[in-house]
Structures are given as C-alpha cells and as structure tokens.
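Please open the structure in the viewer and keep the selection tool at hand. The tour below proposes a selection at each stop and describes what is found there.

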Amino acid sequence: MTTLAFLGLGAMGDPMAAHLATHARAHGHRALVWNRTAAKAGAHAAAHGTHPATLAEAATADVIFTCLPTSAEVDEVMNQMRPHLRPGATWVDCTSGHPDAATRQAAELAAQGVTFLDAPVSGGTAGARQGRLTVMVGGDAAALDAARPHLAFAGKVVHVGGTGSGFAVKAVNNALLGVTLWATGEGLAVLGRAGVNLGAALDVINASSGRSNASENLIPQRVLTREFPATFALGLLAKDAGIAVDLTQGVQGSAPVIAQVAALLRAAQHAVGPAEDHTAALKLIEAMNAQEIR
Ligand code: NDP
C-alpha cells in the first residue's frame, strides 16, 4: 500500500490535502496528515477521512508533501523527520520556497536516498479548493513522472527545470503579481485624486491594455469593496518578491522594478501588517496619496 503524507494544513494545505484524501480513497492508498497545531489535523481527519500522524510516522510515507510558509519551516520539520525517512521516498515541497534552500535540501535528502522536488503552486485558495492549481516543478523529471499521479490538487503540472527552478518561477510569478498590484494601486490612487470614479476606471482598464489579474480579479473584489479577505498573506507576498530579488542577485541580473516593488511590499507589510491580505498593501499607497481606493 502506498502511503501519502501531507504536512501543513494552512489556507492552501488544508484543501490540497482534501484532494489527496479523495485520491487516496479512490486508489487504495493511505493519506496521513500533520499540522503544527494538531487540532487542525484532527478536524481534517474528521472531515476527509485522513489519518493524523506524528512527524516520525509521516516520515515513513512514500510521498511526503509539505506546504509551509517558507523554506525555514520546511527545514525545521525536515530536521525532525530525517532519522525516520525511508530510501526511495519522494519529498514534494509545495511551499513557495527559496531556490538556494531547495539545492541544499535536495542534496541532504539525496544522501538518504530520498528525492526532493520543489513544487510550488499557484491558483490561490479558490484553485486549491477546486483542485485546479498550477504546479511548477523543479527537480528530476523521472521522479516527477512517478509522483504526478498523486498531485491530486493540480489542474496543470509543468516541469520547469532542475532543482530550485520551481521555486524560482514561483518567486518571479509572484513578483509580477506584486508589480501589477502595486502599479495598478498607484494609478487608481492618482485617478481618485483627479476625481474619477474608480469603478468606471477599472471597467475601462479591464477592457483595455492596462488590465491584469490584479485589476480584473483582485482590486474590484477586494479593495474597492474594502473587504480585503485574508486568503494570501501580505507577508508571504513580500517574502516571494524578496526571493525574486535574491534570485536576481544570485545570477547577477538587473531587475530594478522588481527590487523596488519588493521593498515597497516589505514596507507595506510593516505598515499594514503581515497577516493582512496581500491586496491590503494598497492601504500604504492610500496613505501615500491621502486617497482611498474605493
Ligand atoms: P498559512 O499561513 O495559511 O498556513 C501555514 C501553515 O504552515 C499552517 O499549517 C501552519 O501551522 C504551518 N506552520 C507555520 N509555521 C510553522 C512551523 N514553524 N512549523 C511547522 N508548521 C508551521 O499559509 P498558506 O497556506 O497561505 O501558504 C503556504 C505556502 O503556500 C506559502 O509558502 C505561500 O507563499 C504559498 N502559497 C499561498 C497561496 C495563498 O493564496 N494563500 C497561493 C499559492 C502559494 P499552524 O496551523 O500551526 O499555524
């Protein structure tokens, strides 16, 4: 019997592990779950028929999934699990992690016969609930092919290169989210100060060349409504943009716009709060312009 383990039942992990449970039930696999706050694993088991496990138990699984805030937390659980890991297992890290950490973690696990795939996801909590996440995978292609049937939460899986490539693509993708979100917020604040109706302005922008995911699917629903529903934390977006900056430096690249937006997102994280929704970064733009975006 194949044993699958999912570690980290947060906003993304909880619904992702639910799809893993459905997949496990359909194929006669066993689905283990672990969460730092154990009550969440108990609730997941009650709702989805998964089995709460200790870290030592989860370490014996054939495929281990993690979805934690950063690579630092993945290091923490990996260190505790290392004595119990089994050769031949695959570790699929769905955290939006750091490419440098992936390189080190993959080497450490390889010494124990365990394969590491960096496999961050995009699609948000809605995509996770629908089982339609895009998964960008770095690492060994054959290991991905073996793990692919178990990516039950995925709508699209793309092998983007060697170890760390998945984390790199995710960091750049989210830096682009930060750039479009921030720049659209600036434009709207200026239009607001000019006395333009911002709903009408977005209506035009979304039928024109300035449109983006931020202008179409985030700002109208989350900012103009003043709801800012916390599905993806501002601190996590600032972390992702920071990884893109690290990546730029690592390859001696030049990406000043990304660097500037990363710094602005970090400032917004401090000014607005790391646990606020990422769209609440625009509250800093509002303060800079003495103009609400509504
Ligand atoms: P959440 O904050 O909702 O969940 C974080 C999870 O990590 C929780 O299960 C939490 O456990 C656990 N955790 C936190 N610190 C530790 C620790 N020190 N040791 C062990 N476990 C810990 O985050 P998300 O689910 O939103 O994000 C997870 C990852 O997915 C991040 O890398 C994020 O960037 C990425 N992501 C998020 C998206 C989103 O829309 N939210 C979209 C795509 C990617 P506990 O319950 O005990 O707090």
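**The shell around the ligand**

The model is a predicted one. Begin by selecting the ligand together with its surroundings: by class, this shell consists of ten nonpolar, eleven polar and four charged residues. In total, 25 residues surround the ligand, and the closest are G10, A11, R36, T37 and F232. Three elements each give two or more residues to the shell, namely helix 4 (71-81), strand 7 (121-122) and helix 6 (124-130). Among the contributions, that of helix 4 is the largest share, at three residues. Colouring by domain is instructive here, since domain 1 (3-162) and domain 2 (168-289) each supply at least three residues to the shell.

**The two domains**

Next, select the domains in turn. The domain assignment divides the chain into domain 1, residues 3-162, and domain 2, residues 168-289. Their centres, taken over C-alpha atoms, are separated by 28 Å. Where the domains meet, twelve residues of domain 1 are in contact with 13 residues of domain 2. On the domain 1 side of this contact there are six nonpolar and six polar residues, and no charged residues.

**The annotated position**

Now select K170. Which feature does UniProt place at this residue? The record, an unreviewed entry, gives "active site" for K170. The residue is located in helix 8, which covers residues 165-193. Is K170 buried or exposed? It is buried, because it has 28 C-beta neighbours inside 10 Å, and 20 or more are needed for a residue to be counted as buried. Extend the selection to its contacts: leaving aside residues up to four places away in sequence, K170 touches S96, P120, S122, M136 and D240.

**The nonpolar core**

For the last stop, turn to the largest nonpolar core, which has 92 residues. Select A5, A58, A241 and A281, the residues with the most contacts inside this core. Helix 8 gives the most to the core, with eleven residues. Why does the core lie between domain 1 and domain 2? It does so because both domains give residues to it.

Finally, centre the view on A281. Beyond residues up to four places away in sequence, A281 touches L181, W182, L234, L265, A268 and V272. Displaying these side chains together with A281 shows the surroundings of one of the core residues with the most contacts.

Methods. Residues are numbered from 1 along each chain as its sequence is written. This is a predicted model: local features need pLDDT of at least 70, side-chain atom pairs count only at pLDDT 80 or more; totals for chains, interfaces and linings use all residues. A residue is near a molecule or strand if its C-beta atom, placed from the backbone, lies within 6 Å of it. Helices (H or I, at least four residues) and strands (E, at least two) are DSSP runs, numbered from the N terminus. Ala, Val, Leu, Ile, Met, Phe, Trp, Tyr, Cys and Pro count as nonpolar, Asp, Glu, Lys and Arg as charged, and the others, Gly among them, as polar. Domain bounds come from an automatic or database domain assignment. UniProt positions are given in the numbering used here, feature names are shortened, and annotations may be inferred rather than shown by experiment. A residue is buried if 20 or more other C-beta atoms lie within 10 Å of its own, exposed if 12 or fewer, and partly exposed in between; C-beta atoms are placed from the backbone. Two residues are in contact if their C-beta atoms, placed from the backbone, lie within 7 Å. A nonpolar core is a set of buried Ala, Val, Leu, Ile, Met, Phe, Trp, Tyr and Cys residues joined through C-beta atoms within 7 Å.
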